[in-house]
Amino acid sequence: MEEFEDFTQARKLRNVRYDVRGPIAAEASRLERAGHRITKLNIGNLAPFGFEAPDSIMMDMIKHLPTAQGYSESAGIYSARTAVAQYYQTKGMKDAAVEDVYLGNGVSELIGMTLQALINPGDEILIPAPDYPLWTGLTALYQGIPVHYICDDQNHWWPDPEEIESKVTDRTKALVVINPNNPTGAVYPREILEAIVDICRRHNLMLFTDEIYEKITYDGAEMINACTLSDDVFTITFSGLSKTWRVAGYRSGWIFISGPTHRAKNYLEGLQLMSNLRMCANVPGQHAIQTALGGYQSIDEYITPGGRLYEQRKVAYDLLCDIPGVNVQQMDGAMYLFPRLDPEIYPIDNDEAFAMELLRQQKILVSHGRAFNWIDDQHFRLVTLPSVEDMEEAIAGIAQFLAEYRDA
Ligand code: PLP
């Protein structure tokens, strides 16, 4: 028999990372199979924590199953796209139309389509650090260069427009904003968003604004949809059903395109091609969109005092603050905390190894900071999804692990 070389992965994957579902998560699955109970604080997946979808959404899906067997138009079904367009009309985007909306298998697929339609090898995309790592991972996959701008934990994790602007080059194509932010929970103030929009305006950049947590804000934090701040900046807004409506498994998201679309005809043809190539998004999931947007907004019950997300966030924050050397900022939105471990007390040289050890010793799964393209080893992210009792138990486990780390 002739000796063949092994089958290998494409070279372009070498620079692609998605550590949130990487080796630590794999180790957690292994431990689970070996019979251990793992407390999973690593993924923003609401349903397993008892945040079930509104009944109306499930009823809608069930009702449409018989008629949702075929493919839909690739951009998505008309009723759902209209509902999305109308949603942005109510936010002041009075010209929002069905043609401005594409539906996808979650925001994730749409991040892929919009970037792939844009990037030529070597093009630069400005992405926050820390970020939701799909933005960096897919930019790298499409042979673009992710250029990170720093959101400073000394300044509420907000971006610094001056620093962003200093990173614009003649290869920069687009600027990504994640607001409310994953992993930090920051919600950006109007002045910063206006400054970011202005940078896009002056440097002719597309603005990609990932607003999947837009309805998850606390204590009156004002969420501003970046698209409402201009009519002269080409903006793609991303959102969907995974978080607010708790149906991440239905894989249902959308984009809304606004601004000077007449200057983006060629790009939009590329986007349409990308949309055609993936046939269409999961059709039952598309049906749920109209009901989700038009129905009772039950998320509001969770994010106000007495609501689960509100109370769990408070407990998690208070308990983390009690641990020596843990600095944490209360977040204004989303459902994550991104604590910093004081390097004087916890000199960590490999945050992934640190999180792995926490998992092995305490059976608690968190995501290490570098998984979000953060610049040091002193952070980790946890979700504020477990019940108050489970959260107390989990943070007691983290506290014990850190006490042993201090004593070692
Ligand atoms: N964008 C952000 C900021 C996220 O945090 C996530 C998921 O955690 C996504 C997009 C992906 O959402 P989807 O389930 O719609 O693909």
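Here's a quick tour of the sheet, a helix pair and the ligand site in this predicted model.

Let's start with the sheet. Eight strands make up an open sheet with mixed pairing, and the order runs E2-E9-E8-E7-E6-E3-E4-E5. The edges belong to E2 (101-104) and E5 (158-159), each with a single partner strand, so one side of each has no neighbour in the sheet. Further in, E3 and E6 pair in the parallel sense over 3 bridges, and Ile125 has Ala174 in E6 as its bridge partner.

These are the strands that helix H4 lies across, along with their residue ranges:

| Strand | Residues |
|---|---|
| E2 | 101-104 |
| E7 | 206-210 |
| E8 | 235-240 |
| E9 | 253-258 |

H4 runs at about 160° to E8.

H4 (residues 106-116) also turns up at the ligand, where it gives the most to the surrounding shell, with 3 residues. That shell has 13 residues, and the closest are Gly106, Val107, Ser108, Tyr132 and Ser242. By class, the shell splits into 7 polar, 5 nonpolar and 1 charged.

Now for the helix pair. H2 (residues 55-64) packs against H9 (residues 283-294) at about 140°, with the axes 8 Å apart. That angle makes H2 oblique to H9, and their crossing is right-handed. On the H2 side, the contact uses Ser56, Ile57, Asp60, Met61 and His64, while H9 brings Pro284, His287, Ala288, Thr291 and Ala292. The contact of H2 with H9 comes to 5 nonpolar, 4 polar and 1 charged residues.

Notes: Residues are numbered from 1 along each chain as its sequence is written. This is a predicted model: local features need pLDDT of at least 70, side-chain atom pairs count only at pLDDT 80 or more; totals for chains, interfaces and linings use all residues. A residue is near a molecule or strand if its C-beta atom, placed from the backbone, lies within 6 Å of it. Helices (H or I, at least four residues) and strands (E, at least two) are DSSP runs, numbered from the N terminus. Ala, Val, Leu, Ile, Met, Phe, Trp, Tyr, Cys and Pro count as nonpolar, Asp, Glu, Lys and Arg as charged, and the others, Gly among them, as polar. Axes are lines fitted to C-alpha atoms, for helices over the stretch in contact, and angles run from 0 to 180 degrees between N-to-C directions. Angles under 35 degrees count as roughly parallel, over 145 as roughly antiparallel, 65 to 115 as roughly perpendicular and the rest as oblique. A crossing is left-handed if the near helix is turned anticlockwise from the far one by less than a right angle, and right-handed if clockwise. Two residues are in contact if their C-beta atoms, placed from the backbone, lie within 7 Å. Two strands pair if DSSP finds at least two bridges between them.
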